[in-house]
Amino acid sequence: MSDLRHYDVIVSPAITEKSTMASEQNQVVFNVARKATKPEIKAAIEALFSVKVTGVNTLVRKGKVKRFRGTMGRQSDVKKAIVTLADGHSIDVATGL
């Protein structure tokens, strides 16, 4: 797998109150591509951040139906990955890549 493919898998870090609380359990939350698999996510995180990943959990947040200027619209679905890191490893998502 090429290095550019890793950047296509990881879209952005998810910085929320819940993801900040998960960092206490050595977990980091990322928004990932919809078609990304758990092995691809694990390989991308390990290659880009030079850390050891022990587990990857994924979820798909369905897009909400919103009203915009009187017409109904729908936000797109978002896939998130909750990555558990090995003891002694950490990722500072505030600094970026």
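**Exercise 1.** Work out how much space the second largest pocket of this predicted model holds, and which residues line the second largest pocket.

*Solution.* Start with the volume: the second largest pocket comes to about 180 Å³. Next, go around the wall. You'll meet Ala14, Thr16, Lys18, Ser19 and Ala22, then Gln27, Val29, Leu59, Lys80 and Ile82.

**Exercise 2.** Find the elements that give two or more residues to that lining, and say which gives the most.

*Solution.* Three elements make the list: α2, β2 and β6, the last spanning 78-85. Now pick the top contributor: α2, which supplies three residues.

**Exercise 3.** Sort the lining of the second largest pocket into nonpolar, polar and charged residues.

*Solution.* Take the classes in turn. Five residues are nonpolar, three are polar and two are charged. To put names to the charged pair, look for Asp, Glu, Lys or Arg; scanning the lining turns up Lys18 and Lys80.

**Exercise 4.** Now turn to the largest pocket: give its volume and the residues closest to its centre.

*Solution.* The space here is about 210 Å³. Of its 14 lining residues, Ser19, Ser23, Gln27, Val28 and Val93 sit closest to the centre. Next, the elements: α2 (17-22) and β2 (27-32) each give two or more residues. The largest share belongs to β2, with three residues.

**Exercise 5.** Say how many nonpolar, polar and charged residues line the largest pocket, then check for residues named in both pockets.

*Solution.* Count by class: eight nonpolar, six polar and no charged. Then cross-check the names. Ser19 and Gln27 are among those closest to the centre of the largest pocket, and Ser19 and Gln27 also line the second largest pocket.

Key: Residues numbered from 1 in each chain as written. Predicted model: local features only at pLDDT ≥ 70, side-chain atom pairs only at ≥ 80, totals over all residues. Heavy atoms only, no water. 1 Å grid on protein atoms, 1.4 Å probe; cavity = no way out; pocket = protein on both sides within 12 Å on 5 of 7 lines; lining within 4 Å. Points joined across faces, edges and corners; volume = space filled by probe spheres on them. Helix = DSSP H or I, 4+ residues; strand = E, 2+ residues; numbered from the N terminus.
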